[in-house]
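Open your viewer, load the model and keep the selection box handy. We will walk through it one stop at a time.

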Amino acid sequence: MHIEEISDQVAERLKLEQSEAKTSETAATSIEKSPDGASFMPATAAMFPELSPGRAMMSEKKTVDEVVAELKKSPFFMTELEENDETEAFKALAYEGTPLENASEFKEQGNECFKTRRWGDAKEFYTKGILILAAEERKRKQAANPSSTQAPAVKPKDKDEEGQKSEEEGEKTKKKEETSEDEIRQERATLESLYVNRAACHLELKNYRSCWLDSSAALRLNSKNIKAYYRSARAFLAVGRIAEADDACARGLALDSSNNPLKSVARDIIAKAEESSARQRREDERVAKERRREALLRAALRARGIRTRATAQPPEMEDAGVKLVPDPDDPESHLAFPTVLLYPVHLESDFIKAFNETDSLADHLSYVFPLPWDGEGAYTLAGVECYMETVAGGLVKLGKKVPFLKVLAGGKVEVVDEVVRIFVLPKAKAAAWVEEFKMKKAAEKGGR
């Protein structure tokens with residue numbers, strides 16, 4: 001069967017159902033008069049039963065979205081579990097006895113698991129007991145504040161239905177009255193105990209946030225629960241929230257100053273606070289030392305007249321950088337610069353991590369040469385020329401025996417991103433490369 005045929009059949013069935021619904025409604029609401037003038041309803045209309053919820057919604061001409069929303073209110077059609085009286089009623093069908101008895105049974109089962117260190121199983125049993133008694137608490141709050149929950153709109157019903165409804169409400173009210181104040185107190189005490197016990201499971205499972213949330217729930221029921229304060233303090237301390245741990249511990253000790261577990265956690269809080277303070281002091285000292293070294297370095301560069309510049313994307317240098325050596329805290333120390341030797345003719349390079357300001361190019365080139373890739377032997381101490389780019393975009397030739405400080409001082413060249421760049425070329429090719437470099441720079445300026 002093709003899809004088009006199936007679609008046509010579905011459409012015909014929908015039309016037939018709608019016409020039947022309209023016919024049923026007309027027949028049910030039509031009234032005829034007898035020869036003596038009395039009104040009566042035809043037997044066929046009186047025999048019709050009340051429409052099903054689906055047909056009733058169709059007769060009310062509701063949209064598809066409205067019908068779906070109405071169906072989702074029923075537990076059988078829910079796509080997401082809602083916490084309401086109907087769902088709780090279905091949950092209660094699984095247990096026998098009163099909510100207090102069922103919750104107490106789950107509590108005992110949880111306690112047995114806790115004794116054997118089965119924290120996960122114990123947590124699940126405590127959770128089942130909490131769900132039962134929390135639902136009872138919610139019902140009591142709704143009964144005490146009926147205006148806070150808006151009842152859904154319903155169609156007017158006949159007198160028989162209203163009488164039946166009033167009888168049902170009377171039975172519910174009678175059942176509520178049968179729940180004594182003593183039983184309510186027992187339920188709340190059991191719920192408090194379940195929260196505290198589940199908090200202990202969370203503490204063992206290292207679910208610290210869940211631990212202090214359950215402890216808070218227990219404290220809302222009883223603000224004098226010592227175990228709740230203890231477990232909150234332990235959970236807060238485990239994640240380093242020392243202030244909250246100290247507050248929870250202090251509140252517990254205010255209620256029972258001789259409580260040994262709380263005394264123990266108080267000692268741990270003090271030790272943790274001292275450790276945290278010492279760690280913070282070390283961090284502050286480290287930051288202060290780094291700032292002092294940076295200030296000394298800036299002062300040394302400024303005193304020597306060396307220009308520096310930082311770009312938006314500096315290269316990855318790990319621990320390399322401009323430093324004072326041998327002692328970065330001594331202003332009398334020498335400056336050392338990371339330096340890149342560029343061989344533009346052969347597209348190669350070498351890196352010198354610390355080029356001291358008192359060193360010369362010859363001091364470093366003497367151990368760099370010969371180069372492993374220089375098969376022609378063009379790179380020798382006497383056979384190369386060295387250049388640096390100036391601030392203006394030109395080139396300055398460097399003496400190989402001149403101290404590095406003399407090259408950098410004076411403001412003609414600059415250190416970019418804490419790296420010095422030196423071009424090294426064979427003498428035979430230096431003039432051609434310099435000319436090419438100047439032409440490129442001139443083209444760049446013309447393009448601007």
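The stops below tell you what to select and what is there.

**Colour by confidence**

Begin with a reminder that this is a predicted model, and colour it by pLDDT. The chain average is 83, and 73% of the residues score at least 70. Select helix α11 (residues 226-238), where confidence is highest at a mean of 97. Then select helix α2 (residues 43-47), where confidence is lowest at a mean of 46. Two stretches deserve a cautious eye. Residues 27-35 have a pLDDT below 50, and beyond near neighbours in sequence this stretch has 16 contacts in the model. Residues 38-48 are also below 50, with 18 such contacts.

**Helix α13**

Next, select residues 260-304, which make up helix α13. How many residues does helix α13 have, and how far does it reach? It has 45 residues and reaches 66 Å from its first C-alpha to its last, close to the 66 Å expected at 1.5 Å a residue.

Zoom in on the start of the helix. Here a side-chain oxygen of Asn259 comes to within 3.0 Å of the backbone nitrogen of Leu262. Now slide to the other end: just after α13, Gly305 has a positive phi of about 70 degrees.

Show side chains along α13 and pick out Leu262, Val265, Ala266, Ile269, Ala278, Leu297, Ala300 and Leu301, which are buried. An α-helix has 3.6 residues a turn, so residues three or four places apart point the same way. What covers the buried residues of α13? The cover includes α11, α12 (242-255), β3 (307-309), β4 (323-325) and β5 (334-343).

**Helix α10**

Select residues 208-221 for helix α10. At 1.5 Å a residue its 14 residues should span 20 Å, and the end C-alpha atoms are 20 Å apart, which agrees. The buried residues here are Cys211, Trp212, Asp214, Ser215, Ala217, Ala218 and Leu219. They pack against α9 and α11, so turn on those two helices as well.

**Thr190 in helix α9**

While α9 (residues 181-204) is on screen, centre on Thr190, which is found in it. Is Thr190 buried or exposed? With a relative accessible area of 11%, Thr190 is buried, because buried means under 20%. Draw a distance from the side chain of Thr190 to the backbone oxygen of Gln186, and you should find 2.8 Å. Leaving aside neighbours within four places in sequence, Thr190 is in contact with Leu100, Ser104, Lys107 and Leu133.

**The loop between β4 and β5**

Move to Ser333, which lies in the loop between β4 and β5. Ser333 counts as buried at 4% relative accessibility. A polar atom of its side chain lies 2.7 Å from the backbone oxygen of Asp327. Not counting residues up to four places away in sequence, Ser333 touches Arg304, Leu324, Val325, Pro326 and Asp327. Measure C-alpha to C-alpha from Ser333 to Lys323 too: they are 9.2 Å apart in space and 10 residues apart in sequence.

Pro326 belongs to this loop between β4 and β5. Inspect the peptide bond that joins Val325 and Pro326, which is cis, with omega about 5 degrees.

**Aromatic rings**

Now show Phe, Tyr and Trp side chains; the structure holds 11 aromatic pairs. Select Phe355 and Phe404, a stacked pair at 4.0 Å centre to centre with 25 degrees between the planes. Phe355 lies in strand β6 (residues 348-356) and Phe404 in helix α15 (residues 404-408), so the pair ties together parts that are 49 residues apart in sequence. Phe355 is buried at 0% relative accessible area, and Phe404 counts as buried at 2%.

For a larger selection, take Tyr343, Phe369, Trp373 and Tyr379, which form one aromatic cluster. Stay on Phe369, because a cis peptide bond joins Phe369 and Pro370, with omega about 0 degrees. Pro370 sits in the loop between α14 (361-368) and β7 (384-389).**Two positive phi angles**

Finish with Leu347, found in the loop between β5 and β6. Leu347 has a positive phi of about 55 degrees although it is not a glycine, and at 73% relative accessibility Leu347 counts as exposed. Then select Asp417, found in the loop between β9 (414-416) and β10 (420-426). Asp417, a residue other than glycine, has a positive phi near 55 degrees, and Asp417 is buried, with a relative accessible area of 12%.

Key:
Residues are numbered from 1 along each chain as its sequence is written. This is a predicted model: local features need pLDDT of at least 70, side-chain atom pairs count only at pLDDT 80 or more; totals for chains, interfaces and linings use all residues. Side-chain values use heavy atoms; hydrogens and water are left out. Helices (H or I, at least four residues) and strands (E, at least two) are DSSP runs, numbered from the N terminus. Buried means under 20% relative accessible area, exposed over 50%, partly exposed in between (1.4 Å probe, protein chains only). A polar contact is a pair of N or O atoms within 3.5 Å; within protein, one must be able to donate a hydrogen and the other to accept it, and residues adjacent in sequence count only if both atoms are side-chain atoms. Contact means heavy atoms within 4.5 Å. Rings of Phe, Tyr and Trp (its six-membered ring) pair if their centres lie within 6.5 Å; planes under 30 degrees apart count as stacked, over 60 as edge-to-face and the rest as tilted. pLDDT is the predictor's confidence in each residue, from 0 to 100. The expected span of a helix is 1.5 Å times one less than its number of residues.
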